[in-house]
Amino acid sequence: DVLDILGASFEDLDKETASKLGIEGGVVVKELNEGLLKNQTDISEGFIITAINSEKIRNTKDIKRVLEHHKGGVLIQGIYENYPGELYFALGMP
């Protein structure tokens with residue numbers, strides 16, 4: 001499963017928080033375990049993924065859809081709730 005390869009558990013961002021942050025939606029990194037996110041990026045728990053490879057991410061199903069058959073470089077875009085501005089992280093899918 002692609003989520004196992006990433007090594008994290010995710011939770012869909014609730015509409016109230018998305019509205020407060022001025023975004024359409026996203027997926028929160030709830031828990032990091034061994035996997036690509038921990039080994040290849042500086043993403044921390046609480047990071048809200050808003051896009052992967054320029055495709056909007058609104059729920060966990062979107063992550064699976066975008067990455068399921070992807071090989072090679074991936075650009076993850078998102079924000080932290082209490083940190084200004086967008087951040088970008090790159091990783092390589094096996």
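In this predicted model, strands β1 and β2 run antiparallel and are joined by five bridges. One pairing within this arrangement sets E11 against V28, its bridge partner in β2. Strand β2 also pairs with β3, again in the antiparallel sense, here over two bridges. In this second pairing, V27 stands opposite I49 of β3.

The interior may be considered next. The largest nonpolar core comprises 24 residues, of which L6, F10 and I63 touch the most other members. The elements that each give two or more residues to this core are the helices α1 (2-6), α3 (36-40) and α4 (60-67), together with the strands β1 (8-12), β2 (27-32), β3 (48-52), β5 (72-80) and β6 (83-93). There is also a second, separate core of six residues, among them L13, A18, I23 and V28.

F10 shows in detail how one residue meets others from elsewhere in the sequence. When neighbours within four places in sequence are set aside, F10 is in contact with L3, V27, V28, V29, K30, L37, I49, T60 and I63. Its partners thus include V27 and I49, the two residues that stand opposite each other in β2 and β3.

The helix α4 remains to be described. Which residues of α4 are buried? They are T60, D62, I63, V66 and L67. Because these residues cover an arc of only 155° around the axis, they lie on the same side of α4. At the start of this helix, a side-chain oxygen of N59 comes to within 3.1 Å of the backbone nitrogen of K61.

Technical notes. Residues numbered from 1 in each chain as written. Predicted model: local features only at pLDDT ≥ 70, side-chain atom pairs only at ≥ 80, totals over all residues. Heavy atoms only, no water. Core = buried A, V, L, I, M, F, W, Y, C linked by side-chain atoms within 4.5 Å. Buried < 20%, exposed > 50% of the residue type's maximum accessible area, 1.4 Å probe, protein only. Helix = DSSP H or I, 4+ residues; strand = E, 2+ residues; numbered from the N terminus. Contact = heavy atoms within 4.5 Å. Arc of directions from axis to C-beta. Polar contact = N/O pair within 3.5 Å; in protein donor to acceptor, adjacent residues only side chain to side chain. Pairing = 2+ DSSP bridges.
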